[in-house]
Amino acid sequence: MRINKKKFIYLISPNKILNNIFYEDLSKVLKSQKVGFFQLRLKDTKIKKLVLIGKKVKKICKKFNVKFIINDNPLLAKKLNADGCHLGQSDMDINKARIILKNKIIGITCHNSMKLAKIAIGKNPDYLAFGAFFNSKTKKTRFRAKINILRSINKMTKIPLVAIGGINSKNYKKLLLNKANFLAISGYIWKNKKLRPLEAIKKLK
């Protein structure tokens, strides 16, 4: 998986997509040329609606050359012909997901665990995700990762590393300096009380 250093943001959708303002904001944010991936992560949305939303999002991602990733669901990723799928520890095993998605992008959550990372590396994912590094407003922080895990994993593998959890304009540089290839960000962009999504992403340079 090629790494474009300018496109270091792995943007995750808000928990709910309620209206067309989201699609307008998404277009503006992706136009900034800082986003390498966009993950559709809607936990409580029925599959029919997910497919409709996914089709709209995929068009916007394609327009701005951003990889479109589906959270948790390899079958939905295949149905939408997305660029790939992100798997949590309780989701489908990557070997089964590979059969469905062939050579598409598959990433794995490793939380804060060297053990999970070593198991995942053996299954040859396209990226490994670690966190939460900071307190997150998007979901409850069950696992706290220390920044030095990024350096440790980096010595073991060339697989790209994604850092997640409470990342904002004040703390993001620390993660990049410690070998994170991509920063998974959601709340700072979509739930920011002071800045519109485009203004928020402009602060990440």
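**Strand β8 and its surroundings in a parallel barrel**

In this predicted model, strand β1 (residues 9-12) runs parallel to β8, and 3 bridges join the two. Within this pairing, I9 is found opposite L183 of β8. Strand β8 also has β7 (residues 161-164) as a partner: these two run parallel as well, again joined by 3 bridges. Here A163 is the bridge partner of L183, the residue of β8 that also stands opposite I9.

The side chains of β8, which spans residues 182-185, point in alternate directions. F182 and A184 point one way, whereas L183 and I185 point the other way. Which of these four residues are buried? All of them are, on either side of the strand. The path into β8 can be followed too: β7, helix α7 (residues 172-177) and β8 together make up a β-α-β unit, and this unit is right-handed.

Stepping back from β8, the sheet as a whole comes into view. A total of 8 strands close into a barrel, in the order β1-β2-β3-β4-β5-β6-β7-β8, with parallel pairing. On average, neighbouring strands of this sheet are turned by 25° against each other, direction ignored. Elsewhere in the barrel, strand β3 (residues 67-71) pairs with strand β4 (residues 84-87) in the parallel sense, over 3 bridges. In this pairing, N71 has H86 of β4 opposite. Helix α6 (residues 148-156) packs on the sheet, where it touches β6 (127-131) and β7. The direction of α6 makes about 155° with that of β6. Helix α4 (residues 94-101) lies across β4 and β5 (105-109), and runs at about 160° to β5.

Aromatic residues offer another handle on the structure. A search of the whole structure finds 8 aromatic pairs. One of them is formed by F22 and Y23, with 5.3 Å from centre to centre and 70° between the planes, an edge-to-face arrangement. Both residues of this pair, F22 and Y23, are buried. F22 also pairs with W190: the ring centres are 5.0 Å apart and the planes are at 50°, so this pair is tilted. The F22 and W190 pair links distant parts of the chain, as F22 belongs to helix α1 (residues 21-31) and W190 to helix α8 (residues 187-190), 168 residues apart. Like the previous pair, F22 and W190 are both buried. Separately, Y10, F37, Y127 and F182 form one aromatic cluster. Among its members, F182 is one of the buried residues of β8, while Y10 lies in the 9-12 range of β1.

The cysteines complete the picture. How many disulfides does a search of the whole structure find? The count is 0. C85 is in no disulfide, and the nearest cysteine sulfur, belonging to C61, is 14 Å away. C85 is also buried, at a relative accessible area of 0%. Why does C110 form no bond with C85? The sulfur of C85 is the closest cysteine sulfur to that of C110, but because the two are 15 Å apart, they are too far from each other for a bond. C110 likewise counts as buried, because its relative accessibility is 0%.

Note on methods. Residues are numbered from 1 along each chain as its sequence is written. This is a predicted model: local features need pLDDT of at least 70, side-chain atom pairs count only at pLDDT 80 or more; totals for chains, interfaces and linings use all residues. Side-chain values use heavy atoms; hydrogens and water are left out. Buried means under 20% relative accessible area, exposed over 50%, partly exposed in between (1.4 Å probe, protein chains only). Two strands pair if DSSP finds at least two bridges between them. A crossover is right-handed if, with the strands pointing away from the viewer, the path from the first strand over the helix to the second runs clockwise. A disulfide is a pair of cysteine sulfur atoms within 2.5 Å. Rings of Phe, Tyr and Trp (its six-membered ring) pair if their centres lie within 6.5 Å; planes under 30 degrees apart count as stacked, over 60 as edge-to-face and the rest as tilted. Axes are lines fitted to C-alpha atoms, for helices over the stretch in contact, and angles run from 0 to 180 degrees between N-to-C directions. Contact means heavy atoms within 4.5 Å.
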